[in-house]
Amino acid sequence: MNNWKNPILLLLSISISSIGNFIHLVSINIIVYQLTGSAAAVAGLWIIGPLTNILTKFWTGSFIDYRSKRYVMSVTYIIRAVFISLIPFAPNMIVIYIILVVLSIANAFFHPASTTYITILVPNEKRKRFNSFHSFASSGAFIIGPAIGGTLILSTSVEITLWINAISFLLASILLLFISQTEYIVKEAIPNLTFSQIIKDFTVVQRFLKENKYVSYIYLGFIFIMLFTFAMDAQEVVFTQQIIGLSEIEYSLLISLTGLGSVLGAILLSVFSNQFSIRNMISIGIIMTAVGYVIYAFSWSFTSIVIGFLILGFFLVFLNAGIMTFYQNNVPVDIMGRVTSIFQFIQSTLQVLFILAIGITADILSLRITIVILALVMFLSSCLFVIAVLKKNKKVYY
């Protein structure tokens with residue numbers, strides 16, 4: 001159990017921050033809507049993250065790989081705590097959007113740093129189980145975060161909720177201090193973050209991707225397929241309420257049940273992770289997630305859409321844990337920050353383009369037809385993806 005001390009502390013820290021992300025998401029949505037009364041202004045919150053990633057991801061990896069990942073994570077926690085606590089004092093929407101950009105930049109550093117730090121801290125033989133627990137924590141945060149946020153807002157106020165939220169990020173930062181030192185950074189060897197250094201690092205990533213084509217294709221394939229889920233999720237409120245005809249209460253219940261499906265999947269995976277191979281986790285996860293979205297696309301009632309969402313919520317956990325373990329096992333730690341940042345740069349760019357394209361398509365055709373096409377293309381792409389994953393001569397990668 002002593003071998004699990006550091007991973008458990010890291011998991012607690014990341015879990016607290018995941019819950020915190022959902023709490024301030026709920027709070028910010030309410031504040032923006034109260035200030036503007038505009039659904040478009042609230043929708044604009046969804047685009048800040050991908051746009052910030054496009055502007056930052058091509059250089060964040062160069063910063064992260066040469067520095068202590070624990071230190072980078074801790075600083076992002078503190079930055080988020082400070083700026084979240086300032087939101088109640090924002091006089092207008094411009095200041096709120098500036099704060100959200102800063103929070104998005106902190107997140108842009110956090111994800112590659114945490115992915116790399118997990119790989120450093122958790123031994124190869126423990127990664128599959130750790131990622132299962134991580135998926136469980138993420139799924140729990142999906143339910144617990146909004147619930148805690150809503151309860152705090154109702155019992156206190158939006159302002160107090162945000163200040164409590166800020167304290168939670170400080171707690172996440174403090175937990176990192178109790179993790180034994182596993183990184184040894186030579187400060188004198190850290191290069192300056194110059195344009196030429198960024199170009200040099202980009203070349204290193206390019207060479208890795210070229211020399212490890214299978215790893216690159218599998219992860220890029222995963223990113224491509226996840227674009228369909230992102231595009232469908234962006235239209236979720238409109239589709240469920242205007243096309244299916246769900247009430248706001250039914251929609252809220254639907255989201256809770258999806259989270260419940262994720263938690264059940266994560267519990268099962270956490271307990272039986274050693275019984276599932278990485279290839280099976282990825283293959284079953286991606287096919288069944290696609291099946292869930294197909295059911296969702298063809299749904300006509302609350303019951304049918306719940307079935308689809310329970311399935312996708314349950315199996316998305318398998319997919320995420322499997323693909324993360326595959327990624328950590330095949331990307332060297334010393335360049336993982338840069339590789340992760342480049343992949344996320346590609347993902348964010350495609351997300352922005354995809355959302356714009358889907359919005360235009362939904363106007364030309366209909367939202368129902370658009371969602372059906374997306375779900376079917378996702379399912380066909382998933383089948384091709386599974387064939388690539390299950391190739392006998394590629395077993396060594398898993």
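Me: What span is expected of helix 1 (residues 5–36), and what does helix 1 reach from its first C-alpha to its last?
Reply: Helix 1 has 32 residues and reaches 47 Å, which is close to the 46 Å expected at 1.5 Å a residue, the expected span being 1.5 Å times one less than the number of residues. Helices here are DSSP runs of H or I with at least four residues, numbered from the N terminus. Just after helix 1, G37 takes a positive phi of about 65 degrees.

Me: What kind of model is this, and which pLDDT limits apply?
Reply: This is a predicted model, in which local features need pLDDT of at least 70 and side-chain atom pairs count only at pLDDT 80 or more, while totals for chains, interfaces and linings use all residues. Residues are numbered from 1 along each chain as its sequence is written, and side-chain values use heavy atoms, with hydrogens and water left out.

Me: Why does T161 get the class it has, buried or exposed?
Reply: Buried means under 20% relative accessible area, exposed over 50%, and partly exposed in between, with a 1.4 Å probe and protein chains only. T161 has 0% relative accessibility, so T161 counts as buried. This residue lies in helix 7 (residues 158–177), and, leaving aside neighbours within four places in sequence, T161 is in contact (heavy atoms within 4.5 Å) with I23, S27, G149, L152, I153 and T156. The C-alpha atoms of T161 and P88 are separated by 9.9 Å, although these residues are 73 residues apart along the chain.

Me: Why is S114 placed in its class, buried or exposed?
Reply: S114 has 6% relative accessibility and therefore counts as buried. Its place is in helix 5, and S114 touches I14 and M73 when residues up to four places away in sequence are not counted.

Me: What makes a set of residues a nonpolar core, and which members of the largest one touch the most others?
Reply: A nonpolar core is a set of buried Ala, Val, Leu, Ile, Met, Phe, Trp, Tyr and Cys residues joined through side-chain atoms within 4.5 Å. The largest such core has 54 residues, among which M232, I282 and F385 touch the most other members. Its largest share, 12 residues, comes from helix 9. Not counting residues up to four places away in sequence, I282 touches L319, G322, I323, F326, F385, V389 and Y398. A second, separate core of 41 residues includes I31, I99, A166 and F169.

Me: How do you know that a space is a cavity, and how many cavities of 30 Å³ or more are counted?
Reply: On a 1 Å grid over the protein atoms alone, a cavity is a set of points where a 1.4 Å probe fits but cannot get out, and lining residues have an atom within 4 Å of a point. Points are joined across faces, edges and corners, and a volume is the space filled by probe spheres set on them. The count comes to 2 cavities of 30 Å³ or more; the largest has a volume of about 40 Å³, and the second largest has a volume of about 40 Å³.

Me: What classes of residue line the two cavities?
Reply: Ala, Val, Leu, Ile, Met, Phe, Trp, Tyr, Cys and Pro count as nonpolar, Asp, Glu, Lys and Arg as charged, and the others, Gly among them, as polar. The lining of the largest cavity divides into 5 nonpolar, 3 polar and 3 charged residues, including K57, D201 and R338. The second largest cavity has 4 nonpolar, 4 polar and no charged residues in its lining, including H111, Y219 and Q344. Helix 14 gives the largest share of this second lining, 3 residues.

Notes
Helices (H or I, at least four residues) and strands (E, at least two) are DSSP runs, numbered from the N terminus. On a 1 Å grid over the protein atoms alone, a cavity is a set of points where a 1.4 Å probe fits but cannot get out, and a pocket is an open set with protein on both sides within 12 Å along at least five of seven lines; lining residues have an atom within 4 Å of a point.
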